[in-house]
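Subject: Structure handover

Hello,

Here is the structure I promised to pass on. Please open it alongside this note; my findings follow below.

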Amino acid sequence: MGLAVLLGCLFGAVEPARAQSHFPSPDDWRDQNFYFIFTDRFNDGDPSNNNANPQSSASPANSRRIHGGDFKGIQEKLHY
């Protein structure tokens with residue numbers, strides 16, 4: 001639930017009262033799960049910006065190129 005609240009706050013998908021919630025820091029972080037999204041690899045929500053970088057165009061099949069993921073793609077998958 002923490003990730004959904006964090007992403008919801010970033011994208012305005014959480015009502016203001018809930019966005020103000022406080023979650024205390026655990027005493028021991030070793031058993032906590034952390035999630036990190038590689039935005040470019042996650043979901044392509046807006047294909048029109050895939051070639052915005054003049055040095056590298058989108059090419060999902062090439063691991064060294066842009067895959068096209070963006071914040072709109074993350075927003076579309078918040079339920080995921």
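How much area does the chain expose, and what share of it do carbon and sulfur atoms supply? The exposed area is about 6500 Å², and carbon and sulfur atoms supply 53% of it. Keep in mind that this is a predicted model.

Overall picture

The chain has 80 residues, and 19% of them count as buried. Its secondary structure consists of four helices and zero strands. From the N terminus on, the order is α-α-α-α. Take the contacts between residues at least 6 apart in sequence: 59% of these join residues at least 24 apart.

The loop between α3 and α4

Two asparagines in this loop deserve a look. Start with Asn-50. It sits in the loop between α3 (39–42) and α4 (71–76). Its relative accessible area is 12%, under the 20% cut-off, so Asn-50 is buried. Its side chain makes a polar contact of 2.9 Å with the side chain of Asp-44. Setting aside residues up to four places away in sequence, Asn-50 touches Asp-44, Ser-57, Ala-58, Ile-66 and Gly-68.

Now Asn-43. This residue is also placed in the loop between α3 and α4. Is Asn-43 buried or exposed? It counts as buried, at 17% relative accessibility. What does its side chain reach at 2.9 Å? The partner is the backbone oxygen of Gly-73. The side chain of Asn-43 also makes a polar contact with the side chain of Glu-76, at 3.3 Å. Beyond its neighbours within four places in sequence, Asn-43 is in contact with Gly-68, Gly-69, Asp-70, Gly-73, Glu-76 and Lys-77. Gly-68 appears in the contacts of Asn-50 and in those of Asn-43.

After α4

Glu-76 comes up again here. Its backbone oxygen lies 3.4 Å from a polar atom of the His-79 side chain. His-79 is in the segment after α4. At 69% relative accessibility, His-79 counts as exposed.

Aromatic pairs

The count is two aromatic pairs. One joins Trp-29 and Phe-34: the ring centres are 5.6 Å apart and the planes stand at 25°, so the pair is stacked. Trp-29 is partly exposed, at 43% relative accessibility. Phe-34 is exposed, with a relative accessible area of 62%. Phe-36 and Phe-38 also form an aromatic pair, an edge-to-face one, with 5.1 Å from centre to centre and 80° between the planes. Both of these phenylalanines, Phe-36 and Phe-38, are exposed.

Salt bridges

How many salt bridges does the structure hold? There are two.

- Asp-28 pairs with Arg-30, with the closest N and O atoms 3.0 Å apart. Asp-28 is partly exposed, at a relative accessible area of 34%. Arg-30 counts as exposed, at 73% relative accessibility.
- Asp-40 pairs with Arg-41, with the closest N and O atoms 2.7 Å apart. Asp-40 counts as partly exposed, at 25% relative accessibility. Arg-41 is partly exposed too, with a relative accessible area of 42%.

If you look at one spot, make it Asn-43. Its side chain meets the backbone oxygen of Gly-73 and the side chain of Glu-76.

Best wishes

Conventions. Residues numbered from 1 in each chain as written. Predicted model: local features only at pLDDT ≥ 70, side-chain atom pairs only at ≥ 80, totals over all residues. Heavy atoms only, no water. Buried < 20%, exposed > 50% of the residue type's maximum accessible area, 1.4 Å probe, protein only. Polar contact = N/O pair within 3.5 Å; in protein donor to acceptor, adjacent residues only side chain to side chain. Contact = heavy atoms within 4.5 Å. Areas by Shrake-Rupley, 256 points an atom, 1.4 Å probe, with all protein chains shown as cover. Phe/Tyr/Trp six-rings, centres within 6.5 Å; stacked < 30°, edge-to-face > 60°. Salt bridge = Lys/Arg side-chain N within 4 Å of Asp/Glu carboxyl O.
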